[in-house]
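Good morning, and thank you for coming. I would ask you to look at the chain on the screen while I go through a few selected places in it.

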Amino acid sequence: MTGIFVEKPDNVVAIDVLFVAKVDSTNLPRKPVMKWMKGKWMDLGSKAGKHLQFKETYDRNTKIYTFEMKMVKVVPGDAGGYRCEVTAKDKCDSCTFEISVESAEEEKPTDILSRYNHTNWSSQKKESTLGELDFSALLKKEQIDVWELLKNAHPSEYEKIAFEYGITDLRGMLKRLKKMKAVEPKVSDAFLKRLESAYSVDKGKKITLSVELVDPNAEVKWLKNGQEIKPSAKYIMETNGNIRMLTINKCNLADDAAYECVVGTEKSFTEVFVKEPPVTITKLLDDYHVVVGERVEFEVEVSEEGAHVMWLVDQELVRDDKAKYRFKKDGKRHWLIINEATLDDIAMYHVYTNGGHTKGELEVEEKELEVLQSIADLTVKSAEQAVFKCEVSDEKVTGKWFKDGVEVQPSDRVKISHIGRIHRLMIDDVKPEDAGDYTFVPDGYALSLSAKLNFLEIKVDYVPRQDPPKIHLDVSGNMVSQNTIIVVAGNKLRLDVEITGEPAPTVVWTRGETVTKYRKKNLNEVEGRIRVETRTGLSSFVIEGAEREDEGNYNITVTNPAGEDKANIFIKIVDVPDPPEKVKCTSVGEDCATVIWEPPAFDGGAPIKGYLMERKKKGSSRWTKLNFDVYEQTTYEAKRMIEGVLYEMRVFAVNGIGISQPSLNSKPFMPIAPTSEPTRLQVHDVTDTTCTLKWLAPEKIGAGGLDGYIVEFCKEGEWKPANTDLIEKQSFVVRNLPTGEKMNFRVIAVNVAGRSPPALLGQPVTVREIMGQEYPKIRLPRELRTKYIKMVGEKINLVIPFQGKPRPVAKWLKDGEPVDVKKVGTCSTNVDTILFIRSAEREHSGKYTLVLQIENMEDKADIQIRVKPGPPIGVTVTDVWGFNAALEWKPPKDDGNCEITGYTIQKADKKTKEWFTVYEHNRRTNCTVSDLVMGNEYMFRVYSENLCGLSEEPCISKNTAFIPKTGIKAATYTEKDMSCSPKFTTPLVDRSVIAGYSTAISCAVRGFPKPKIIWMKNNMILGEDPKYLMMNNQGVLTLNIRKPGMFDGGKYSCRAVNTLGQDEVECKLEIRGMGGRPLSKVTTMSQRTV
């Protein structure tokens, strides 16, 4: 933006300084507002006083505002960078300056230095005090202890005291004084906890500033840039005991400021930084293809209104001060406008935001001027009007008219007009001196159009009173053949026909057999587009704005008593052609497409010279020209397109009159190329009648994707397909081949663009099984070599590979008997066998045997499948003594089809109801629980265990064990109410982890009754998702996230709820890639209490 400062402050070094800034308000919409700031954020307007003084004046004559800032008695703390910023509605400007403070030069040592003596310290201190001076004798005058005077004086008086008592080494004095003074920590009388030094918040979010006070009843004021904040919907002030909070809702850039919390005379300062979200580009730049002089408007749309957009031309920043570029913005849309494009503007134009980038190419070509209608020779009579008219292709082109080489100047009789693409020279009341050669020369082009004006002299001879009528038809200027006149549609036709005869003949004009005009006495009354105008000896036939239906034969008949005369005239109307028809795309390539169309149904009465083509991206409104020279064929190959993008085409027809309207848009088409050939084609197996082929996918697939493969074979000559439908797998068995023959094979990839080049084998393959026998061998996977454990209801799918030749026969047995095909599914191929159980039940437990046979050879493998047991039965507390309790129970009814290996016993106090494990792997059906707490009542539960693990449900004891208090007299007391609403004592903390590595977030909560815990992600409750494991141990809450991916990043929150209220904490989880690049954004943690 152009600067609006007339005068800016300069850098200074002084004691009292005055800074002056002047602003010219001539072009400003409103009064400018000036801000003086120190550093980046500190507004000096709130610190006005004796030290800082501000002044503003206005000169009505020059319309210049003068702003002054005076700084009295500059101190070292005033040194640094300053900034003044002026704004006026949508205009702003700023400048920076610095203040340097130089200390006064030290006085040169005087004779008083002779009074300084090195101290005679003890040998232990000589090394540490070497070079220090003894001030004990110097700092006493008239029995005054100067050290005491300095210790009690303000630092600003040190220099005055030193001068009074003759001290010149100020540095040494301050060093000694510093050792003598004990630095006492400053303790605030008002604040227990101050504001943080700075806060950061995203634009549109809310932030809470909090302080903790000594006095819970103290009054607090909140200030923003020195101005008191009033409570509102945006600023919410809360009090919770001795904690004061200020919540700022929906933060924007205006909230980026300095904030203060004032309690009495004490203040706590902080700064809030508002971060803008990344601005993305929602509408990309289009490519332009124009000619020299045309207007270009690059348009881009972003996600935020008022966002900063940076334009670059070939990576060079485009600035406002360049006159050839003009910038425009409206809401989220931004434009770069070039009014008249030149060849120097050919470049790649880029747009950058802080969250996106797009580019568009500008192509500019030299424009060629085409003559659509040339001027024609004219023959006119005296006092008539002569009109020269021509039409060129560019309506912006101007030109000059010349007569016999001399420029024609307009006058009352000579008029020159330029409307659109048509240029006219009109000469009224033609005289003999007007005859000559007339030329029109367009400006800026080496082109000229010439025609001749012939003056027709009329000689009037004596005519006898009885003279037959005669039609003198002279239309040589408009004739293209005998009695044929060509008129361009939309133009005016005026055909003047000279008529002689005595007495004056009667004139009748007809079209075919229809009378189109009336007799002479009625001509003045006729009005309309087609009419006849008659003067003495002259009849003029006029058509205003010729149309296609005006074409045809016209007859003129003149009669008088002496005779009759007739003439026939054919008027041909020529126009621009109709649009081409049936534009469609017949084939596409990687970056090209072939388009065909049919010629227009009506050529406009003139031969079709050729066609012009345009294309655009689907959804865009910007058409790009594909050719500037007329293209004569009806088939065109468009190039330089982007694969995978939908395009539309349209065609214009061109004849000698002009350019037609565009055709209907073609159906959208997408440039797509076939894939490359499949890779690594090889023979996997050969038998007497089959050949198994394997291959890998093509290296280049492209936007068209991959639909499938075709396998072909041939013995010699013609290739035959082996499959009728496309196959998606990368292997195929070609069957029914002749034994012993040598066959060639090839594989072709197919997508919407067609077939790829074939992948061929290096040499022919002989169809013959390789002799030899291989023993059957089962390749049992490692996880199946021990017991295979599954839960009831889970799916079992065992895939066991094997080998052997010829093909082995696979059989499945359970506990020595063939498996029941109604309960267990099996399937075998050449290389493996599958055992499948859709939903596991306890009856499926047992020993499964796989038998592999080839004739009299076989191989076996056993697989153990086990299911977890049921809970024990009848857990009972049989005895209680001292601090012990005895338990007994019975084994479970369902042992999961394997031996019970032990039991796990747990206890819980009825007050807390939290379970703790007492014994694990207990082999017996009874146990004694010790170390119970006196005065508590306990309940117990027992899990059974087998090789598959613990039972799903425990068995809880029917009765409880109460440990009575002995030897202690029970005291009566009032039970304390421990009820309280949930409160998080430890909040969640933001985490940043690498994708694929498990992580955990934790917090701590207290509350009674025991609160219900709810974990949420992005305000959505996490259900029974196995990816998340939620734990609660004595109020310590943990959420384990297993192998997080890029979609697991976001805001996680934990909510604790009981009957007295609820509390919630949240944090942000950022997922980073292996290279450290963030895959999700992280923001600060916030806590809410209800």
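I shall discuss two single residues and then two groups of strands.

Please bear in mind throughout that this is a predicted model.

Let me begin with Thr208. This residue belongs to strand 13, which covers residues 207–213. Is Thr208 buried, exposed or partly exposed? Its relative accessible area is 35%. The limits are under 20% for buried and over 50% for exposed, so Thr208 counts as partly exposed.

Which residues does Thr208 touch, once those up to four places away in sequence are set aside? They are Tyr199, Met245, Leu246 and Thr247. For Leu246, the separation from Thr208 is 38 residues along the sequence, while the C-alpha atoms of the two lie 5.5 Å apart in space. With Thr247 there is also a polar contact: the side chains of Thr208 and Thr247 are joined at 3.3 Å.

The second residue is Asn627. Asn627 sits in a loop, with strand 51 (624–625) on one side and strand 52 (635–638) on the other. The relative accessible area of Asn627 is 12%. Since buried means under 20%, this loop residue is classed as buried.

What does the side chain of Asn627 reach at 2.9 Å? The partner is the backbone nitrogen of Met613. A polar atom of the Asn627 side chain also lies 2.7 Å from the backbone oxygen of Asp629. Leaving out residues up to four places away in sequence, Asn627 touches Tyr611, Leu612 and Met613. Met613 therefore appears both in this list of contacts and as the residue whose backbone nitrogen is reached by the Asn627 side chain.

I turn now to strand 89. This strand comprises residues 1061–1072, and ten of its twelve residues are buried, so it is mostly covered. How does strand 88 pair with strand 89, parallel or antiparallel? Strand 88, residues 1050–1058, pairs with strand 89 in the antiparallel sense, over nine bridges. The two strands form a hairpin with two residues between them, and Asn1058 stands opposite Gly1061 of strand 89.

Strand 89 also pairs with strand 82, residues 991–994; these two run parallel and are joined by four bridges. Within that pairing, Ser992 has Glu1070 of strand 89 as its bridge partner.

The last group is an open sheet. Its three strands come in the order 72-73-76, with antiparallel pairing. Which are the edge strands? They are strand 72 (873–881) and strand 76 (926–929), each of which pairs on one side only. On average, and with direction ignored, neighbouring strands of this sheet are turned by 20° against each other.

Strand 73, residues 884–890, is joined to strand 72 by six bridges, the two running antiparallel. In this pairing Asp879 stands opposite Ala886, and Trp881 has Asn884 as its bridge partner in strand 73. The hairpin of strand 72 and strand 73 has two residues between the strands, and there Gly882 takes a positive phi near 55°.

Strand 73 is also joined to strand 76, by four bridges and again antiparallel. Here Ala886 stands opposite Thr928 of strand 76. Ala886 thus faces a partner in each pairing, Asp879 in strand 72 and Thr928 in strand 76. As for burial, strand 73 is mostly covered, with five of its seven residues buried.

That concludes the tour, and I would welcome your questions.

Key:
Residues numbered from 1 in each chain as written. Predicted model: local features only at pLDDT ≥ 70, side-chain atom pairs only at ≥ 80, totals over all residues. Heavy atoms only, no water. Buried < 20%, exposed > 50% of the residue type's maximum accessible area, 1.4 Å probe, protein only. Contact = heavy atoms within 4.5 Å. Polar contact = N/O pair within 3.5 Å; in protein donor to acceptor, adjacent residues only side chain to side chain. Pairing = 2+ DSSP bridges. Axes fitted to C-alpha atoms, helices over the stretch in contact; angles between N-to-C directions.
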